[in-house]
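Got your viewer open and a selection tool ready? Let's take a walk through this structure, one stop at a time.

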Amino acid sequence: MLTLESLSIAPSGVYPAFIFGTLTYCFIVFCNMTVLATIALDRKLHKPMFILLFNMPINDLIGATALFPQLVVSILTQNRSISYPACFIQALLIHLYGVGSLTILTVMAYDRYIAICCPLRYNYIMSQKNVIKIIIVMWLLVITLTVVLLSLVTRFKICRTRIVDLNCNNPSLVKLICDDTRINNYYGIFLTAFVQGIPLIVVIFTYIHILLTCVMNKSSDAKSKAIQTCGTHLVVFLFLEFNSCFGLMAYRFEKVSPSLRSAFGLSVIIFPPILNPLIYGLKTKEIRQNVLRFFNQKVSSVQ
């Protein structure tokens with residue numbers, strides 16, 4: 001059995017924290033399942049942009065489910081113990097979510113680049129067959145990178161039992177090992193550079209071209225729509241990029257406050273699953289109309 005970092009919740013705050021955590025998780029599940037169901041059931045939304053978007057709620061549910069159930073139970077029981085297999089699975093799912101988030105946002109940025117900069121070739125490049133290939137390659141890459149990262153930890157026996165974080169992740173698992181973990185560190189640095197660097201280069205490239213296309217576009221309506229769509233995407237991407245990068249690098253510098261490190265790490269897992277379905281789902285006209293139509297039908301049938 002391992003022991004996670006204490007939550008430091010006063011006895012009077014246990015039940016409010018438990019209720020808040022449970023409601024937050026339920027809200028995340030409800031919003032993301034609503035987006036998934038809307039895209040899956042409406043044939044009009046079976047377009048490249050929405051097919052790619054379909055992967056985001058799945059990924060967000062993986063991240064939220066990896067964290068919240070274990071967290072709210074530990075809040076209620078005031079027991080921060082966790083078995084090594086459960087800790088390993090939580091770390092695997094959290095890293096799967098982290099790598100998946102940046103990869104999905106990168107693919108979506110490429111989709112917007114083709115749609116805005118190469119509109120005449122969009123249907124050919126982003127055909128349904130090609131989109132399926134992109135999604136398969138994307139998930140194979142995400143799963144392979146994450147599984148290799150965590151499988152390197154299984155080579156060793158642990159000599160400590162205290163997790164230096166509020167949740168399990170690769171850096172905290174590596175700190176349980178007393179043997180030489182240089183290979184783990186080298187691969188961790190490579191993965192951080194690859195997962196943070198490649199998406200950043202792709203997004204910068206695509207958004208420079210999108211910005212130039214918008215500047216040259218004489219249609220003010222098309223220009224404002226493109227900027228609005230890409231602007232929100234860029235904000236979400238930069239939030240993930242900065243917070244995840246700082247959270248991972250903080251483990252390599254002992255002087256960084258553990259509380260600050262945990263805050264950045266948890267923000268990456270908590271906020272995107274809440275905001276993504278609102279930003280990419282309900283803010284998207286087609287999805288919003290379908291959701292409102294569905295609820296209006298339910299209200300009418302009840303009346």
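Start by selecting histidine 95 and whatever touches it. Leaving aside neighbours within four places in sequence, histidine 95 is in contact with Thr146, Leu149, Leu150, Asn169, Asn170 and Pro171. This histidine sits in helix α4. Is histidine 95 buried or exposed? Histidine 95 counts as buried, because its relative accessible area is 14%, and the cut-off for buried is under 20%. One thing to keep in mind as you click around: this is a predicted model.

**Zoom out**

Now show the whole chain as a cartoon. You should find eleven helices and two strands in the protein chain. Follow the chain along its sequence and the pattern reads β-α-α-α-β-α-α-α-α-α-α-α-α. The chain has 303 residues, and buried ones make up 44% of them. Take the contacts with a separation of 6 or more: 78% of these are between residues 24 or more positions apart. Switch on the surface and you're looking at about 16200 Å² of exposed area, with carbon and sulfur atoms supplying 70% of it.

**Helix α6**

Next, select helix α6, residues 128–151. Its 24 residues should span 34 Å at 1.5 Å a residue, and the C-alpha atoms at its ends are indeed 34 Å apart, so the two agree. Show the side chains of Val131, Ile135, Met138, Trp139, Val142, Leu145, Thr146, Leu149 and Leu150, which are buried. Which helices do the buried residues of α6 pack against? They pack against α2 (48–53), α3, α4 (84–117), α7 and α8. Three names here may ring a bell: Thr146, Leu149 and Leu150 were among the contacts of histidine 95.

**Salt bridges**

Time to colour the charged side chains. How many salt bridges are there? The count comes to three.

- Select glutamate 5 and arginine 162, whose side chains meet in a salt bridge at 4.0 Å, N to O. Glutamate 5 is in the loop between β1 (2–3) and α1 (14–41), while arginine 162 is in the loop between α6 and α7 (170–174), so this pair ties together parts that are 157 residues apart in sequence. Glutamate 5 is partly exposed at 28% relative accessible area, and arginine 162 is partly exposed too, at 47%.
- Then go to aspartate 111 and arginine 112, where the side chains form a salt bridge of 2.8 Å, N to O. Aspartate 111 is buried, with just 1% relative accessible area. Arginine 112 also counts as buried, at 17%.
- Finish with arginine 182 and aspartate 180, whose closest N and O atoms are 2.8 Å apart. Aspartate 180 is partly exposed, with a relative accessible area of 43%.

**Aromatic rings**

Now pick out the rings. The count comes to five aromatic pairs. One of them joins tyrosine 187 and phenylalanine 190: the pair is tilted, with 5.8 Å centre to centre and 45° between the planes. Both residues belong to helix α8, and they are three residues apart, about one turn of the helix. Tyrosine 187 is buried at 15% relative accessible area, whereas phenylalanine 190 is partly exposed at 42%. Then select Tyr110, Tyr113 and Phe205, which form one aromatic cluster.

**A nonpolar patch**

Stay with α8, which covers residues 182–216, and bring the surface back. Select Leu200, Ile204, Ile208, Leu211, Leu212, Val215, Met216 and Leu238: together they make a nonpolar surface patch of about 780 Å². Which helix gives the largest share of this patch? That's helix α8, with seven residues. Leucine 238, for its part, is found in helix α9, residues 220–250. Its relative accessible area is 43%, so leucine 238 is partly exposed.

**Last stop: glutamine 78**

End the tour at glutamine 78, in the loop between α3 (55–77) and β2 (81–82). Take a look at the backbone here: glutamine 78 has a positive phi of about 55°, although it is not a glycine. Glutamine 78 counts as partly exposed, because its relative accessibility is 46%.

How values were computed: Residues numbered from 1 in each chain as written. Predicted model: local features only at pLDDT ≥ 70, side-chain atom pairs only at ≥ 80, totals over all residues. Heavy atoms only, no water. Patch = residues over 30% accessible without salt bridge, like charges linked within 9 Å, V, L, I, M, F, W, Y side chains within 5 Å. Areas by Shrake-Rupley, 256 points an atom, 1.4 Å probe, with all protein chains shown as cover. Helix = DSSP H or I, 4+ residues; strand = E, 2+ residues; numbered from the N terminus. Buried < 20%, exposed > 50% of the residue type's maximum accessible area, 1.4 Å probe, protein only. Contact = heavy atoms within 4.5 Å. Phe/Tyr/Trp six-rings, centres within 6.5 Å; stacked < 30°, edge-to-face > 60°. Expected span 1.5 Å × (residues − 1).
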